[in-house]
Amino acid sequence: MLSENILSTNKISKKFGNFQAVSDLDLELRRGEIYGLIGKNGAGKTTLLKMISGLSKPSSGSLRLLGETTESGFQKARAKTGCMIESPGFLPYLSANDNLEYYRLQRGLKDKSRVQKALKFVGLSGTGTKKFKNFSLGMKQRLGLALAVLDDPELLILDEPINGLDPMGIAEFREMILSLNHEKGTTVLISSHILGELSQIATTFGFMNDGRLIEHISAADLEEKCKMNLKLTVDNTERAAKILQQNLSCNEFQVENEREIHLDAFLDTPEIVVKELVQNDVMVSGVERAGLNLEEYFINLVGGMQHA
């Protein structure tokens, strides 16, 4: 069950010289969510994730992480946060096991079994002495995730974790993220340009453009906005609405304007609707199955912002 905010930012900003990378951004992430952060290249996603994870300091604004608001508190909170941002700094001539052992010792983790547990979770327990420099991209990404979950974090921050993976690798990565969330209750903040993949795992979405968060929406509300419907163009929406209700016992529609009705029923049998309307003196000039996927929704959202 979703409860308190595990992360919140208040007008957080980052400026590089004269370039405003992130501007007055407010974001809330609740415990147990998988929050999908969406934006084109240069929108400010990575800069935001770096500020949250402590890799970059905000120019202004504030954040609250796992209940902490001070620098000393952030150190405690970030010990409970796993990150996979850009390329982790692995040693090329060490094996997967030895790389994670190096970080275990660096972080002062006493439990030696954490290394093998992390490797087993990401499917790298059988790599033996194979050196990191000889790993495939998929193996490197898996090791990056193993490092991120080494401390059994409450919050996992992932920046483009499936970038460059093949379809099988993407599917396996998806299952690992869902497993962490469903079985361990790990809260996940993930950015990706592969929007179709995010749509399969995220419970909440944040859309960024030009350093700003332009929309925050739950997966359920987004699905409602994007769902398929039957778009009817008619000469009289008031009369058409009455016919839908009285003759077809249908109330699953929205009158968009004086010429257009969106119908959530009869998607597979539009001819029934058209016949009933025409027989009752409503002219139908257009019938179209309409709906959006996540990519189309984002393009429309950003396009609308640019032309506002």
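Begin with the sheet of this predicted model: select its 3 strands, and you will find an open sheet in which they follow the order 2-1-4 and pair in antiparallel fashion. Colour strand 2 (19-30) and strand 4 (60-65) next, since these stand at the edges, and each has a single partner strand, so that one side of each is left without a neighbour in the sheet. If you look along the sheet, neighbouring strands are turned against each other by 15° on average, with direction ignored.

Now keep strand 1 (residues 5-16) and strand 4 in view; the two run antiparallel and are joined by 5 bridges. Within this pairing, select N10, which stands opposite S62 in strand 4.

Add helix 1 (residues 45-53) to the selection: this helix packs on the sheet, where it touches strand 1, strand 2 and strand 4, and its direction makes about 120° with that of strand 1.

Then move to a pair of helices, helix 5 (residues 137-148) and helix 6 (residues 167-184), whose axes come within 11 Å and cross at roughly 10°. Because angles under 35 degrees count as roughly parallel, helix 5 is described as roughly parallel to helix 6.

To see what lies between them, display the side chains of Q141, R142 and L145 on helix 5 together with E172, F173 and M176 on helix 6, the residues that make the contact. Colouring these residues by character completes the tour: the contact of helix 5 with helix 6 divides into 3 nonpolar, 1 polar and 2 charged residues.

Technical notes. Residues are numbered from 1 along each chain as its sequence is written. This is a predicted model: local features need pLDDT of at least 70, side-chain atom pairs count only at pLDDT 80 or more; totals for chains, interfaces and linings use all residues. Side-chain values use heavy atoms; hydrogens and water are left out. Two strands pair if DSSP finds at least two bridges between them. Helices (H or I, at least four residues) and strands (E, at least two) are DSSP runs, numbered from the N terminus. Axes are lines fitted to C-alpha atoms, for helices over the stretch in contact, and angles run from 0 to 180 degrees between N-to-C directions. Contact means heavy atoms within 4.5 Å. Angles under 35 degrees count as roughly parallel, over 145 as roughly antiparallel, 65 to 115 as roughly perpendicular and the rest as oblique. Ala, Val, Leu, Ile, Met, Phe, Trp, Tyr, Cys and Pro count as nonpolar, Asp, Glu, Lys and Arg as charged, and the others, Gly among them, as polar.
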